[in-house]
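Thanks for coming, everyone. Please have the sequence and the structure open while I talk.

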There are 2 protein chains.
Amino acid sequence: MPSTDRSLPIALLRARERVMGPIRSLLSGAGLTEQQWRVLRVVQESGPIDPTQIAEKACLLLPSLTRILQKLEEKQLISRERDQEDRRRQVVQISAAGEKVITDNLEASLELMERTRRKMGAERYEALLDLLNELDQIELSD
Amino acid sequence: MPSTDRSLPIALLRARERVMGPIRSLLSGAGLTEQQWRVLRVVQESGPIDPTQIAEKACLLLPSLTRILQKLEEKQLISRERDQEDRRRQVVQISAAGEKVITDNLEASLELMERTRRKMGAERYEALLDLLNELDQIELSD
DNA sequence: CTGAATTACTTAACATGTTTAGCAATTGGG
DNA sequence: CCCAATTGCTAAACATGTTAAGTAATTCAG
């Protein structure tokens, strides 16, 4: 057991890779990356929404999101149009094909997380989420 | 507060970004990326070592490490030579300039993590590390 | 001893992360 | 009203993540 176990940055990295591995495998079957999936879910859950809000909810920077939206549009999983009130803005919507991708994969995706939760124990799982959110808040106040 | 707070993958992502932000700022002053720094520290701590072991300790895949070692060699922070026993293998060593980068930045880097630990509280900080390592172990047994 | 695995690493191709710069639309102070 | 600042998004450059393929050195079964 290397000393990197007690390094917070590396522990966070390892844990995330471990959790995302199975999810990536699932999504690669649908021809989607993890980030494309995250964006698609945000758009599906929120309804018509602009890129700035998508970036916030999906935890992505705008330059990354720009490329991801281009890819999703190429795949015809979303549609985009200019906002008529403010023409700097766009309105992004999920397409029927996009909805189908969601319904085809959401259940299995949720099941993967549920399995992790069971294996870890609900209490410890919630405690981990609480500590992670606390860390996110605490570092904010620099 | 969006529902993504209760999504483990996103919580892990956010926490990691929050922790790494200040460290990235520090290292960019030294002209290093987070990963280059991680590799340099592993090589410094371990002494002469081969890329496969570096990848394991620094939590990187070999293709990424190949490029990072090339960059570090260009910057003359490390040196590489073939292993005489097994010529598929390399032996990587830190240079004097590399040692200097470490001594110039290690203290501030450790101080950043120590500050996080204090702000969060030692107990909660250790609990978080334990839960992250537990998650890493549990997902392994798929 | 020899050719088929295996190992250690590299290369390539594509996607994203990160920073900086750029452009067009909008807003707000004088 | 008007131009400077701001906002929303895109482009570009560089580094890394991820997967697949490639190469050279080594090992091992027959």
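I will go through the two protein chains, then the DNA strands, then two helices.

A caution at the start: this is a predicted model.

Let's begin with how the chains relate. Chain B can be laid on chain A with an RMSD of 0.0 Å. The operation is a turn of 180°, with a shift of 0.0 Å along the axis. That is the relation of a two-fold axis.

Now the contact between them. How many residues of chain B are in contact with chain A? There are 36, and they touch 36 residues of chain A. On chain B, α1 (8–28), α5 (96–120) and α6 (122–140) each supply at least two residues of that side. α1(B) gives the most, with 13 residues. By class, the side of chain B that touches chain A has 21 nonpolar, 12 charged and 3 polar residues. Do the bookkeeping across the two copies: 100% of the interface residues of chain B are also interface residues in chain A, so the copies meet through the same surface.

Next, the DNA. Take strand C. It has 25 residues around it. Which come nearest? From chain A, Pro63(A) and Ser64(A); from chain B, Thr52(B), Pro63(B) and Thr66(B). Both chains take part in this surface. Chain A supplies at least two residues from each of α2 (34–46) and α4 (62–74). Chain B does so from α1, α3 (51–58) and α4 (62–74). α4(A) gives the most, with 5 residues. The surface near strand C divides into 10 charged, 8 nonpolar and 7 polar residues.

Now strand D. Here, too, 25 residues surround the strand. The closest are Thr52(A), Pro63(A), Thr66(A), Pro63(B) and Ser64(B). On chain A, α1, α3 and α4 each supply at least two residues. On chain B, α2 and α4 do. For strand D, α4(B) gives the most, with 5 residues. The classes near strand D are 10 charged, 8 nonpolar and 7 polar.

Let's look at α4(A) by itself. This helix has 13 residues. From first C-alpha to last, α4(A) reaches 18 Å, close to the 18 Å expected at 1.5 Å a residue. Which of its residues are buried? Ile68(A), Leu69(A) and Leu72(A). They cover an arc of only 105° around the axis, which puts them on the same side of α4(A). A reminder on helices: there are 3.6 residues a turn, so residues three or four places apart point the same way. On the other side of α4(A), Pro63(A), Thr66(A), Arg67(A), Gln70(A) and Glu74(A) are exposed. Recall that Pro63(A) and Thr66(A) are among the residues closest to strand D. The buried residues of α4(A) pack against α2, α3, β1 (78–82) and β2 (90–94) of chain A. Just after the helix, Gln76(A) takes a positive phi of about 60°.

Last stop: α2(B). This helix has 13 residues and reaches 18 Å, close to the 18 Å expected. What is buried here? Gln36(B), Trp37(B), Arg38(B), Val39(B), Leu40(B), Arg41(B), Val42(B) and Val43(B). They pack against α1, α3, α4, β1, β2 and α5 of chain B. Just after α2(B), Gly47(B) takes a positive phi of about 75°.

That's my tour. I'm happy to take questions.

Terms used
Residues numbered from 1 in each chain as written. Chains lettered and ligands numbered in written order. Predicted model: local features only at pLDDT ≥ 70, side-chain atom pairs only at ≥ 80, totals over all residues. Contact = placed C-beta atoms within 7 Å. Helix = DSSP H or I, 4+ residues; strand = E, 2+ residues; numbered from the N terminus. Nonpolar A, V, L, I, M, F, W, Y, C, P; charged D, E, K, R; others polar. Near = placed C-beta within 6 Å. Expected span 1.5 Å × (residues − 1). Buried ≥ 20, exposed ≤ 12 C-beta atoms within 10 Å, placed from the backbone. Arc of directions from axis to C-beta. Least-squares fit on C-alpha atoms with pLDDT ≥ 70 in both.
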